[in-house]
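Okay, thanks for making time, everyone. I'll put the structure up, and then we'll walk through it together.

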Amino acid sequence: MLKKSLLKKSIAVCMTGALALSALAIAGCSSPSSNTSSAASASSSAKSSAASAASDKATMTGIHHATLEVEGYEPITVTLDADAAPITVTNFVDLVNDGYYDGLTFYRIQDDFVMQGGTKGNTASGNDPSLTKIVGEFSSNDYENPLADAFDYGTIAMARTNDPDSATSTFFITTGEAASVGPALDGAYAAFGTIDEAGMATVEKIIADHLANVDDPSMGMISDEANQPVIKSITIVD
């Protein structure tokens, strides 16, 4: 992972829940003040602490694969790119090996944008407070990650709060093409893998079967847990 030497962009992409309302409108954003040296210092300190915590253990490298099984559907193969996002992939693999995701759900389905889930309690915060936060590996947070610079159909990435270093377990799969998802996501969320054509056919089937259960169309939320697709298991293949 190469940290960029450029100064952080002065206008940050942010959100009210785990993601934007749509690819063209991101709610709850505010521009930082030009005279917030103490806030900048605190942010820098928090980033250093998060990075230090991540460096306490070796991070993964190379390409790996995981199998995502949603109850009632064919398995989905996920290709993990630890060269693009080593901290993010390592965190995801650790959670998978701990069985964290087994039995959790996808609670957000927004056609042509994302399918999102993977948080205990199935909340849309994008942050499980019982887990350690990881640094956000994307360009607006000063980290080089080519996957995060060009979101496209079938990208898997971490959701987060408006704090760029707040991701824990929640992930999303993009269900729209680059023109649809890119404006809201490029350079702002830690993409860490992709899903192939066969896997996305399964994702599309899940979406088609559950769109009628969405009771908040603006965010794609399914409030009734009984109507949310269940993650049977995720396993690391290699």
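**Surface, fold and a few charges**

So, the accessible surface of the protein is about 10,500 Å², and carbon and sulfur atoms make up 53% of that. Areas here are Shrake-Rupley with a 1.4 Å probe, and for residues only the protein chains shown count as cover.

Before we go on, the ground rules. This is a predicted model, where local features need pLDDT of at least 70 and side-chain atom pairs count only at pLDDT 80 or more, while totals for chains, interfaces and linings use all residues. Residues are numbered from 1 along each chain as its sequence is written, and side-chain values use heavy atoms, with hydrogens and water left out.

Now the overall layout. We have 5 helices and 8 strands, taken as DSSP runs numbered from the N terminus, with helices being H or I of at least four residues and strands E of at least two. In sequence order that reads α-β-β-α-β-β-α-β-β-α-β-α-β. Half-and-half on burial: 50% of the 238 residues count as buried, meaning under 20% relative accessible area, with exposed being over 50% and partly exposed in between (1.4 Å probe, protein chains only). For contacts, that is heavy atoms within 4.5 Å, and among those with a separation of 6 or more, 72% join residues 24 or more positions apart.

Next, the charges. Asp111, Asp112, Asp152 and Glu177 form a negative surface patch. Patch members have over 30% relative accessible area and no salt bridge; like charges are joined within 9 Å, and nonpolar side chains (Val, Leu, Ile, Met, Phe, Trp, Tyr) within 5 Å. On signs, Lys and Arg are positive, Asp and Glu negative, and His and the chain ends are not counted. Each charge is placed at NZ of Lys, CZ of Arg, CG of Asp or CD of Glu.

Take Asp112 from that patch. It sits in the loop between β3 (106-110) and β4 (114-117), and is partly exposed because its relative accessible area is 41%. Its phi is positive, near 70°, and this is not a glycine. Most residues other than glycine have a negative phi. Asp142, in the loop between β4 and α3, also has a positive phi near 70°, but Asp142 counts as buried because its relative accessibility is 12%.

Glu177, also in the patch, is in the loop between β6 (171-174) and α4 (178-185), and is partly exposed at 46%. Then comes α4 itself: its buried residues are Ser180, Val181, Gly182, Ala184 and Leu185, and they pack against α3 (146-149) and β6. Val181 has 0% relative accessibility. C-alpha to C-alpha, Val181 is 8.0 Å from Asp112, with their positions 69 residues apart in sequence. After α4 you meet Gly187, with a positive phi near 70°.

How many salt bridges does the structure hold? Just 1, where a salt bridge is a side-chain nitrogen of Lys or Arg within 4 Å of a carboxyl oxygen of Asp or Glu. The partners are Asp209 and Lys205, at 2.9 Å, N to O. Both are in helix α5 (residues 197-210), 4 residues apart, about one turn. An α-helix has 3.6 residues a turn, so residues three or four places apart point the same way. Asp209 is partly exposed at 35%, and so is Lys205, at 45%.
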